[in-house]
Amino acid sequence: MKLLVTNIAFLAGIQPTDKLRLEGKEMARLETIANAFLYVEDGRIHSYGAMSDLAKCSLPSDVQQIDAKGGSVLPSWCDSHTHIVFAGSREQEFVDKIRGLSYAEIAKRGGGILNSADKLHDMSEDELYQQAMRRVDEVIRKGTGCIEIKSGYGLNTADELKMLRVIKRIKETTPLKVVATFLGAHAVSREYAGRQSEYVDLVIREMIPAVAKENLAEYIDVFCDTGFFTPEETARILEAGTKYGMRGKIHADELASSGGVEVGVRHNALSVDHLESMTAETIETLRGSETMPTALPGTSFFLNMPFALGRKVIDEGLPLAVASDYNPGSTPSGDMKFVISLACIKMRLLPAEAINAGTMNSAYAMGLSKDYGSITKGKVANFYITKPIPSVDFIPYAYTTPIIDRIFLRGEEYIPQTV
Ligand code: NIG
Ligand code: FE
């Protein structure tokens with residue numbers, strides 16, 4: 001398959017091959033070629049340049065030509081934190097929150113994650129897959145090309161495996177690049193109420209080996225926060241996961257500054273996510289580590305909570321990723337363009353910083369930045385063509401305007417499903 005995209009107003013998000021993530025000042029650079037072409041071979045980016053140089057390139061004759069008609073091309077979004085496999089929805093809790101209950105109060109009453117676990121238990125694997133695929137189609141149409149999906153609404157071995165098998169099936173049946181994360185320690189199940197340490201033992205002794213046996217997850221996650229799992233429990237679970245080849249990607253400092261970032265960094269987690277309550281002192285913990293701090297501004301927006309100190313993280317010279325957190329409780333949206341807008345408006349990131357956070361750095365936070373997250377020779381050709389836009393900054397500025405015209409994943413055009 002050979003594909004030539006011509007008449008691109010701005011080809012944005014170009015990176016050299018040796019970059020795996022961007023930090024500090026680098027994040028404000030979004031290298032762009034005006035009036036450009038992009039050439040793809042066998043699903044990978046082969047070359048690109050200015051239209052004026054196209055004649056100099058000797059391209060084969062059997063090339064499919066796509067006229068971008070003055071639209072721009074950007075690398076697809078990489079959404080490094082989602083829970084899109086879930087059963088039903090939780091709008092009743094949305095109303096409860098408007099009436100004054102907090103996310104933590106709803107969880108304490110046995111709602112929240114446990115509510116989703118009940119629904120998931122009663123749903124067939126097939127129905128769960130069908131529901132998730134509708135969300136997959138939705139996020140692809142919004143420009144996402146790589147996604148991380150977590151388990152964590154099973155909370156017993158059989159139902160966690162059921163979720164992970166659905167994730168595997170999604171992996172095998174969509175053009176999205178999918179990575180799977182095991183999140184058995186998302187909450188203590190109803191059966192284990194009041195017996196948290198026994199539940200942690202169950203995660204370690206039964207769930208992790210079962211997940212590893214079927215090779216169902218690349219990463220392991222723990223909801224390390226006040227009212228959920230402690231840093232000590234998180235450390236034990238991360239150590240157990242590491243033994244089976246699953247690296248940490250953890251929920252940290254969402255509800256309180258509670259030691260999650262520290263334990264994540266200590267165990268070389270690939271990312272620490274949420275960070276709504278992360279303090280300026282904790283930021284220092286990240287310096288010199290391989291751990292990607294990941295903000296989820298959609299969660300702050302939906303739960304009406306403080307936003308992570310993203311501006312400060314970048315000003316301190318560190319990297320930052322952003323992701324959606326798409327889930328039924330705290331963020332029922334996987335709209336990465338809106339996440340980028342929130343990163344600009346609420347965390348004071350420049351558009352270039354926010355776009356890099358939701359492409360290159362979020363690809364890094366899934367272990368995928370060697371192959372995804374930028375316009376780079378040799379990377380997988382995951383990109384979208386916009387309608388004509390006046391500038392790249394227009395993307396987060398026009399925060400509800402749909403801008404995508406055509407979508408290409410693995411070098412092939414994505415034709416939206418009608419489900
Ligand atoms: O990332 N914080 C923990 N887990 C999810 C929410 C899960 C839910 O409420 O269903 C999150 O926000
Ligand atoms: Fe989450």
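Which residues coordinate the iron ion (ligand 2)? In this predicted model, the job falls to H81 (NE2), H83 (NE2), H251 (NE2) and D325 (OD), at 2.1 to 2.3 Å. Along the chain, these donors follow the spacing H-x1-H-x167-H-x73-D. H81 sits in the loop between β6 (77-79) and α1 (91-98), and D325 in the loop between β13 and α12, so the pair ties together parts that are 244 residues apart in sequence. Both H81 and D325 are buried.

The UniProt record, an unreviewed entry, has something to say about these residues too. It places the feature "binding site" at H81, H83, H251 and D325. These positions span 245 residues in sequence, yet no two of their C-alpha atoms are more than 12.1 Å apart, so they gather at one spot. From this set, H83, H251 and D325 also take part in the lining of the largest cavity.

Now for H251. This histidine belongs to strand β10, which covers residues 247-252. Is H251 buried or exposed? Its relative accessibility is 3%, so H251 counts as buried. Leaving out residues up to four places away in sequence, H251 touches H81, H83, K150, L183, D221, V222, F223, C224, D273, H274 and D325. With H81 there is also a polar contact from side chain to side chain, at 3.0 Å.

D325 comes from a loop instead, the one between β13 (321-322) and α12 (336-347). With 1% relative accessibility, D325 counts as buried. Setting aside residues up to four places away in sequence, its contacts are D79, H81, T82, H83, H251, H274, L296, T299, S330 and T331. H81, H83 and H251, listed among those contacts, are also donors to the iron ion (ligand 2).

The wider setting of the site also comes with a label. In the unreviewed UniProt entry, residues 73-392 carry the feature "domain: Amidohydrolase-related". How far apart do the end C-alpha atoms of residues 73-392 lie? They are 10 Å apart, and the span is 43% helix and 15% strand.

Back in the loop between β6 and α1, there is another residue to pick out, F86. With a relative accessibility of 5%, F86 counts as buried. Its C-alpha atom is separated by 7.8 Å from that of Q131, although F86 and Q131 are 45 residues apart along the chain. Apart from neighbours within four places in sequence, F86 is in contact with L128, Q131, R135, Y153, Y326, N327 and P328.

Helix α3, made of residues 113-121, has I113, L114, S116, A117 and L120 as buried residues. Where on the helix do they sit? They cover an arc of only 155° around the axis, which puts them on the same side of α3. What they pack against is a mix of helices and a strand: α2 (103-108), α4 (125-141), α5 (157-173) and β9 (219-224).

Helix α5 leads on to T174, in the loop between α5 and β8 (177-185). T174 is buried, with a relative accessible area of 5%. Neighbours within four places in sequence aside, T174 is in contact with M133, V136 and R410.

Strand β1, residues 2-14, holds T6. T6 is buried, at a relative accessible area of 7%. Not counting neighbours within four places in sequence, T6 is in contact with A36, F37, M51, L54, Q65, I66, D67, A68 and K69. N7 has its place in strand β1 as well, but N7 counts as partly exposed, at 30% relative accessibility. The backbone of N7 has a feature to look at, too: its phi is near 55°, a positive value in a residue other than glycine.

R348 is another case of this kind. Its phi is positive, about 65°, although R348 is not a glycine. R348 lies in the loop between α12 and α13 (351-357). At 56% relative accessibility, R348 counts as exposed.

Notes:
Residues numbered from 1 in each chain as written. Chains lettered and ligands numbered in written order. Predicted model: local features only at pLDDT ≥ 70, side-chain atom pairs only at ≥ 80, totals over all residues. Heavy atoms only, no water. UniProt positions renumbered as here; feature names shortened; annotations may be inferred. 1 Å grid on protein atoms, 1.4 Å probe; cavity = no way out; pocket = protein on both sides within 12 Å on 5 of 7 lines; lining within 4 Å. Helix = DSSP H or I, 4+ residues; strand = E, 2+ residues; numbered from the N terminus. Buried < 20%, exposed > 50% of the residue type's maximum accessible area, 1.4 Å probe, protein only. Contact = heavy atoms within 4.5 Å. Polar contact = N/O pair within 3.5 Å; in protein donor to acceptor, adjacent residues only side chain to side chain. Donors = N, O, S within 2.8 Å, 3.2 Å for Na, K, Ca; no water. Arc of directions from axis to C-beta.
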